[in-house]
Amino acid sequence: MSAHVRLDPETCYRAVKSRDRRFDGVFYVAVRTTGIYCRPSCPARTPASANVSFHASPASAQAGGYRACKRCLPDATPGSPDWDVAADVAGRAMRLISDGVVDREGVEGLAARIGYTPRHLTRVLTAELGAGPLALARARRAQTARVLIETTDLGYADIAFAAGFSSVRQFNETVRVVYAASPTELRGRRGGRRTPGAVTMRLAVRTPFAGRALIDFLAYHLVPGVEVAGDGWYARTLDLPHGPGTVRLAMGDALEPGQTAFVEARFELADLRDTAAAVERARRLVDADCDPTAVADHFAGDPVIGPLVRRTPGLRLPGQVDGDETAVRTVIGQQVSVTGARTVTGRVVAEHGRRLDRVETTLPGLTHLFPTAAELAGVDPGTLPMPRARGRALVGLAAALAGGDVVLDRGTDRAVVRETMLGLTGIGPWTADYVAMRALAHPDVFLPTDIGVRNALRGLGHDPVEVIARADDWRPWRSYALMHLWNTLMPPTPAAAPADQMEN
């Protein structure tokens, strides 16, 4: 659905009248007579159609002079699914803004990553979203600040810098403008429990949400030292722009459709300036902006995927926290079992990853950061615990990542990344497409030669050749079809995963 279709006034107003939660995060409704903007499901009385306008983002509403509704908290909804799916300039820019690129590199840095001039990028974003990159980044900072105010014991100065503001004064002014309340007033009326010593947030996701299946997938693929998992939770280390960190995600199933559920995310960060980047990476992991209803509707009549969707509604496409890491792990996993890949990757991490000290993580089993591409680019392929040809492919890929020939930051053009990767020695279509699916969140990737896909189809009583021949019917959600097939092979997460027993 394009932004223009999404903001059709008649459709939007019908959604507001019905208080349809499926549209929360897709658009925002602003009321001229009150100066307030809300989510479509706001329980307040429905305003007259002549008094409302519709906006693609909170930033657009704020730029129009509206403040956030204190009742429905419109910026606390899941993000728009459009920006996660879209491969256009607006979608790529939104993903980078969410990662804090504007705060770290400015609008010039964001524009350079997209390949546009700052002025042209501002024009594109204003036309698509009703706000330029600075306003979009400001709205993201305000939302991060509100969550930190309401859910942590951090001081206001710490919150200001954690959210990405350059000064406490700017933080105070923005909070007052966006929420019509001071930081003290916001903290005074919060009902959440404080979490001293760490930053704990709730990540909003649309329902249905198959949280347990997501943990099963992540736990099955976990790398010792970098990841740990147990019943109902998953944790891992984070290599962030200003230092290391960890995140622990606790989640379960929330299967009633049309609601908003929450994943509890607990962060330990060496530098609070990385809060926004850590949150965004956690949101990627759980595919927080997915619209499961749209995916389910597409597969409803399919004889292969339809029954799987009904069996596991709300299945997500697991994302990643670092594109380079995903690419390296994918090459290591070529032509070996998942168990074998975990073992080999764990040895590479132990040998070349940076070891964390006990101040940097308190979670048992999390001992290392994943090796950077620059570190692996300097390794002798013959010393890696894998066949020499694959070792050369891995080092070659690491050199391309470290040198900037391949960029996997979700702001890049997916087609360009695929073409560049296929030009590297030892990188075939399966590897390039898998990286596009996991690292770039491509929703429409299918792996016809994958042995797991064929085993899953045989296990379901289908002829793999016949089914794969018509896989185009699953567009534009082929990545989700792939996940549903793989999910039939996924073992449940042990109550205490092996890595959970490791010494820190």
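These legends walk you through four close-up views of a predicted model.

**View 1. Helix H20 has a buried side and an exposed side.** Find H20, which runs through residues 414–422. Arg-414, Val-417 and Met-421 are buried. Around the helix axis they cover an arc of only 60°, which means that they sit on the same side of H20. Now look at the other side of H20, where Ala-415 and Glu-419 are exposed.

**View 2. Asp-413 caps the N-terminal end of H20.** Which residue offers its backbone nitrogen to the cap on H20? Ala-415 does: a side-chain oxygen of Asp-413 lies 2.9 Å from that nitrogen. You have already met Ala-415 as an exposed residue of H20.

**View 3. Ile-305 belongs to the largest nonpolar core.** This core has 87 residues. Leu-249, Phe-267, Phe-299, Ile-305, Trp-474, Leu-485 and Trp-486 are the ones that touch the most other members. Zoom in on Ile-305: leaving aside residues up to four places away in sequence, Ile-305 touches Phe-299, Trp-474, Ala-481, His-484 and Leu-485. A second core, separate from this one, holds 31 residues, including Ala-327, Leu-376, Ala-398 and Val-435.

**View 4. Helices H16 and H21 pack against each other.** Here H16 (residues 323–332) meets H21 (residues 429–439) at an angle of about 145°. Their axes are 9 Å apart, and the crossing is right-handed. On the H16 side, the contact is made by Gly-323, Thr-326, Ala-327, Thr-330 and Val-331. H21 contributes Trp-430, Thr-431, Tyr-434, Val-435, Arg-438 and Ala-439. Look again at Ala-327 and Val-435, which take part in this contact and also belong to the second core.

Methods: Residues are numbered from 1 along each chain as its sequence is written. This is a predicted model: local features need pLDDT of at least 70, side-chain atom pairs count only at pLDDT 80 or more; totals for chains, interfaces and linings use all residues. Side-chain values use heavy atoms; hydrogens and water are left out. Buried means under 20% relative accessible area, exposed over 50%, partly exposed in between (1.4 Å probe, protein chains only). Helices (H or I, at least four residues) and strands (E, at least two) are DSSP runs, numbered from the N terminus. The arc is that of the directions from the helix axis to the C-beta atoms. A polar contact is a pair of N or O atoms within 3.5 Å; within protein, one must be able to donate a hydrogen and the other to accept it, and residues adjacent in sequence count only if both atoms are side-chain atoms. A nonpolar core is a set of buried Ala, Val, Leu, Ile, Met, Phe, Trp, Tyr and Cys residues joined through side-chain atoms within 4.5 Å. Contact means heavy atoms within 4.5 Å. Axes are lines fitted to C-alpha atoms, for helices over the stretch in contact, and angles run from 0 to 180 degrees between N-to-C directions. A crossing is left-handed if the near helix is turned anticlockwise from the far one by less than a right angle, and right-handed if clockwise.
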